[in-house]
Amino acid sequence: MRSLPTPTMLPLSQPNNNNNTILKSRRRQSYKKAVSLHHSFDVECFDVSCKNKVVDIDGTKIKLQIWDTAGQERFRSVTNAYYRDAHALLLLYDVTNKTSFDNIRAWLTEINEYAQEDVVIMLLGNKADMSGDKIVRREDGERLARDHNVAFMETSAKTGMNVDLAFMAIARDLKMKKLRKPDEPAFNVAEYIQQENTVKVGGCC
């Protein structure tokens, strides 16, 4: 099995927006498809959660190194340092909390200042299962994602909705960046997500 160098993924959110819950949900799920993910280890580094995950994308092993500050302000300088080395950034907001959504623009400003030019960015609206308490509309998330040319989806750490898809889409994009030839088209994360969701809804023939 082919392996790629370890990319670094940095989830960003407001405090108490359940980054760790999404990561735990990712480990709890049962995978019956020809895609495997194995939890390697969890450690705590200076109160920043460090997690390694290995994903198999079409026979290529991709090890994701995930550093999670859970949006805590006292780690802001640490987060800025990791921007520079991150290959992928997950921007999480709580669909029941308008403030968490409004603050995403501040994260995007910092990304433009500190992150690598070709960093993979995905916007995630978490707690999508709480439809009765929902304040931020899906259309609002989609519009913000379009404005900043990033991929978007709503997720639920509680039900596992789209959690697997988010990680697999990013891993696939990172793989394509490493292996794509100059004359090949770039991988489009948003199109991949749309195709996968269409298959889920309509089924496969």
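Strands are DSSP runs of at least two residues, numbered from the N terminus. With that in hand, we can take a walk through this predicted model, beginning at a loop.

**Two positive phi angles**

Asp 58 sits in the loop that links strand E4 (48-57) to strand E5 (60-68). Its phi is near 50°, a positive value in a residue other than glycine. Asp 58 is also exposed, because its relative accessible area of 57% is over the 50% cut-off.

Lys 127 is another non-glycine residue with a positive phi, here about 65°. This lysine belongs to the loop between E7 and helix H5 (138-147). Is Lys 127 buried or exposed? At 19% relative accessibility, Lys 127 counts as buried, since the cut-off for that label is under 20%.

**Strand E6 and its partner**

Next comes strand E6 (residues 88-94), where seven of the seven residues are buried, so the strand is largely enclosed by the rest of the structure. Ala 88, Leu 90, Leu 92 and Asp 94 point one way from E6, while Leu 89, Leu 91 and Tyr 93 point the other way, and all are buried. E6 runs parallel to E7, and seven bridges join the two. One of the residues involved is Ala 88, whose bridge partner in E7 is Val 120.

**Two asparagines and their contacts**

E7 also holds Asn 126, which counts as buried at 0% relative accessibility. Its C-alpha atom is 10.0 Å from that of Leu 91, and the two residues are 35 residues apart along the chain. A second asparagine, Asn 162, lies in the loop between strand E8 (151-154) and H6. Asn 162 is buried too, with a relative accessible area of 12%. What do the side chains of these asparagines reach? The table sets out the contacts.

| Side chain | Partner | Distance |
|---|---|---|
| Asn 126 | side chain of Thr 155 | 3.3 Å |
| Asn 126 | backbone nitrogen of Ala 157 | 3.3 Å |
| Asn 162 | backbone oxygen of Glu 154 | 2.8 Å |

**Helix H6**

From the loop of Asn 162 the chain leads into H6. Helix H6 covers residues 163-179, and at 1.5 Å a residue its 17 residues should span 24 Å; the end C-alpha atoms are 25 Å apart, which agrees. How many of the 17 residues of H6 are buried? The number is 12, so H6 is mostly covered. Among the buried residues are Val 163, Leu 165, Phe 167, Met 168, Ile 170 and Leu 174, and the charged residues Arg 172, Asp 173 and Lys 175 also belong to the buried set.

**The largest pocket**

Asp 173 brings us to one more feature. The largest pocket has a volume of about 420 Å³. Of the 20 residues that line it, the closest to its centre are Val 119, Ile 121, Asn 149, Val 150 and Asp 173. Which elements give two or more residues to the lining of the largest pocket? They are helix H4 (104-114), strand E7 (120-126), H6 and helix H7 (189-202). By residue type, the lining of the largest pocket divides into 11 nonpolar, five polar and four charged residues.

Two elements from earlier therefore return here: E7, which pairs with E6 through seven bridges, and H6, both of which give two or more residues to the pocket lining. Asp 173 ties the helix to the pocket in another way, as a buried residue of H6 that is among the closest to the centre of the largest pocket.

Conventions
Residues numbered from 1 in each chain as written. Predicted model: local features only at pLDDT ≥ 70, side-chain atom pairs only at ≥ 80, totals over all residues. Heavy atoms only, no water. Helix = DSSP H or I, 4+ residues; strand = E, 2+ residues; numbered from the N terminus. Expected span 1.5 Å × (residues − 1). Buried < 20%, exposed > 50% of the residue type's maximum accessible area, 1.4 Å probe, protein only. Polar contact = N/O pair within 3.5 Å; in protein donor to acceptor, adjacent residues only side chain to side chain. 1 Å grid on protein atoms, 1.4 Å probe; cavity = no way out; pocket = protein on both sides within 12 Å on 5 of 7 lines; lining within 4 Å. Points joined across faces, edges and corners; volume = space filled by probe spheres on them.
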